[in-house]
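Please open the model in your viewer and keep the selection panel at hand. The tour begins at a single side chain and moves outward from there.

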Amino acid sequence: MATDRKIALITGANKGIGFETARRLGALGAVVLAGARDKGRGEAAVERLRAEGADAHFVHLDVTDPDLIERAARRVDARHGRLDILVNNAGVNVEWPANPPSRVGAGQLRATFETNVHGVAAVTNAVLPLLRRSAAGRIVNVSSEMGLPAWLDGSAMPAITAYSVSKAALNMLTLLYANELRDTAIKVNACSPGFVATDINDGVGERTAEEGAAIEVRLALLDADGPTGRFVTDAGVLPW
């Protein structure tokens, strides 16, 4: 089904920042493909988006499940023939509120990396052929300032080790994709939505999900002169 509107896939779109990103992109006229691993919650989120007038569709997508990822990519291809925007929003934090490295188990690291790093790579690779068909493909990786060594150096904030290390790896992955795709129309950036109150931190963040989604939407809709291979916050570009 061809359309001149942007086709946007958002992972983890059934709640929090992912839902608000989907809502805002839908309000701006994009066709929203709301990815979620829980069917019931994903379908409920799509109904909410449609009630606000969005052209929204549920995509059953668990970023740790290769079969679901492949099926999702095939579905996007069959229905739309391309993808303009990928927002890798799904993420986990298994050690809230904090864990120094001496107390983090290998299982916590594996579980965190499985979603925050491996999942991003798996989804991105599956839909990259579709993004290459876009006149202006955009990949937005939702990261964190806690993955920036310069930000953590000397910080009084308690360590959240597995999460921070996974986001550092995601930042490097962002740079590698940006370099690979530099001669294409695809732009790849990482962003920090800030300290947002979500399930990932038991709702103790300082910002709303709507506020956090603003940077994701901004990067999803970058024009041709926009940056690639950058870490961006509401305040601007931060050094890696």
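Select leucine 9 and display its contacts (heavy atoms within 4.5 Å): leaving aside residues up to four places away in sequence, Leu9 touches Leu33, Gly35, Val59, Leu61, Leu83, Ile85, Leu86, Val87 and Val127. This is a predicted model, in which local features need pLDDT of at least 70 and side-chain atom pairs count only at pLDDT 80 or more, while totals for chains, interfaces and linings use all residues. Residues are numbered from 1 along each chain as its sequence is written, and side-chain values use heavy atoms, with hydrogens and water left out.

Next, select the largest nonpolar core, a set of buried (under 20% relative accessible area, 1.4 Å probe, protein chains only) Ala, Val, Leu, Ile, Met, Phe, Trp, Tyr and Cys residues joined through side-chain atoms within 4.5 Å. Among its 31 residues, those that touch the most other members are Leu9, Leu33, Leu83, Leu86, Val127, Leu131 and Ile139. Two or more residues each come from β1 (7-10), β2 (31-36), α3 (66-80), α4 (106-132) and α6 (161-180), these elements being DSSP runs numbered from the N terminus (helices H or I, at least four residues; strands E, at least two). Colour α4 separately, since this helix gives the most to the core, with nine residues.

Now show the strands: an open sheet of eight has the order β3-β2-β1-β4-β5-β6-β7-β8, with mixed pairing (at least two DSSP bridges between two strands). At the edges stand β3 (55-60) and β8 (236-238), each with a single partner strand, so one side of each is left without a neighbour in the sheet.

Finally, select β6 (residues 187-191) and β7 (residues 231-233), which pair in the parallel sense over two bridges; cysteine 191 stands opposite valine 232 in β7.

Note on methods: Buried means under 20% relative accessible area, exposed over 50%, partly exposed in between (1.4 Å probe, protein chains only).
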